[in-house]
Amino acid sequence: MMRRIVFTDLRRAQKKKSFFICLGVLVVLMVAMAVIATLFPTEGVENGKGLAFTSFSSIVMGLFPFLAGIPVFQTVLSDDFKSRTMQTAIGRGISRRRLVLARFYEIIALLIEATVVLSILSLGIGMILGAPAGELFKMLGKEWFEVLLTLGYLAIGMLLLYATQNTTTGLVFFILFTANVFSLLLNLLDMIPFLKDNGIKVSSIMPEGVHRNAEQYLFGYTPSASSTDLPVAQDLGKGLLYTAIFIAIYIILPVFLSQVVFRKKELEF
């Protein structure tokens, strides 16, 4: 029954114009980065166009949480409350815990679908422009790593949505997270002399801060044209540790709490 619900909702979600419009915007932006890289290649190095494109592609992926996350949030979560499909599913015997998991699986599926499209496109462009294999690997890794950040934001938004049963509240907080508003506010605290002098960064506890630390350790190295360079074992270990912390605190925990609060909530009809 749960599998049927997931597949049915995915088919419904994939018919939404908003999802494909936002995905189309990301595709157009990626092509635009290819044009810019062709016109303004990295100077003084071989394969300057390819290197410029792999660098510019990070600009597009920086917009991924916002452009891909909003339609996914609205399609999977907001429409669920507006159409009252959850009441129907619960009435048919689906537990609230499994219903929350079903929505989470749908979010993952849609994000993967969007990332696959962008990865194929960016890989093809990068190869055409002559980017080194090492830079292509780094680019694809960062693209897929951006899915984790988007998933974390959506998990937090889902928790707020199920806690308040208000689609606007969840969406507003999701947008604030994607715009790094909370991180910017905490950056102001980082400037307090005591914290600054002791190297304490309060902003690093935010999802974006933990994610960027993990990304820096995993993909912050500079591959050579021979594409044989890899992050050293120490950096790789730190990157994996930060990744595990991010997944545990900002993905698994919000989903678990969503199940807890939703189980205790009376549905508002």
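**Exercise 1. Place Gln165 and judge its cover.**

Gln165 sits in the loop that joins α7 to α8. Helices here are DSSP runs of H or I with at least four residues, strands are runs of E with at least two, and numbering starts at the N terminus. The model is predicted: local features need pLDDT of at least 70, side-chain atom pairs count only at pLDDT 80 or more, and totals for chains, interfaces and linings use all residues. Residues are numbered from 1 along each chain as its sequence is written, and side-chain values use heavy atoms, leaving out hydrogens and water.

Step 1: read the backbone. Phi of Gln165 is positive, near 55°, and the residue is not a glycine. Gln165 follows α7.

Step 2: read the cover. Buried means under 20% relative accessible area, exposed over 50%, and partly exposed in between (1.4 Å probe, protein chains only). Gln165 has 12% relative accessibility, so it counts as buried.

**Exercise 2. Repeat the analysis for Asn180.**

Step 1: Asn180 lies in the loop between α8 and α9. Its phi is positive, about 60°, although Asn180 is not a glycine.

Step 2: Asn180 has 25% relative accessibility, so it counts as partly exposed.

Step 3: look for a void. Asn180 is among the residues that line the largest cavity, together with Tyr153, Leu176 and Phe177, among others. A cavity is a set of points, on a 1 Å grid over the protein atoms alone, where a 1.4 Å probe fits but cannot get out; a pocket is an open set with protein on both sides within 12 Å along at least five of seven lines; lining residues have an atom within 4 Å of a point. The largest cavity holds about 30 Å³. Volume is the space filled by probe spheres set on the points, which are joined across faces, edges and corners.

Step 4: assign the lining. α8 (167-178), α9 (181-190) and α11 each supply at least two residues. The largest share, three residues, comes from α9.

**Exercise 3. Test whether the length of α7 fits its residue count, then find its role in the core.**

Step 1: take the expected span as 1.5 Å times one less than the number of residues. Helix α7 (residues 133-164) has 32 residues, so it should span 46 Å; the end C-alpha atoms are 47 Å apart, which agrees.

Step 2: check cover. In α7, 24 of the 32 residues are buried.

Step 3: find the core. A nonpolar core is a set of buried Ala, Val, Leu, Ile, Met, Phe, Trp, Tyr and Cys residues joined through side-chain atoms within 4.5 Å. The largest has 63 residues; Ile107 and Met158 are among those with the most contacts inside it. α7 gives the most to this core, with 14 residues.

Step 4: follow one hub. Contact means heavy atoms within 4.5 Å. Beyond its neighbours within four places in sequence, Ile107 touches Val72, Val76, Leu77, Leu151, Leu154 and Met158.

**Exercise 4. Describe the largest pocket.**

Step 1: its volume is about 260 Å³.

Step 2: 15 residues line the pocket, and the closest to its centre are Thr54, Ser55, Ser57, Ser58 and Lys142.

Step 3: α3, α7 and α11 (207-219) each give two or more lining residues. The largest share, seven residues, comes from α3.

**Exercise 5. Summarise the fold.**

Step 1: the protein chain has twelve helices and zero strands.

Step 2: of its 269 residues, 46% are buried.

Step 3: among contacts with a separation of 6 or more, 78% join residues 24 or more positions apart.
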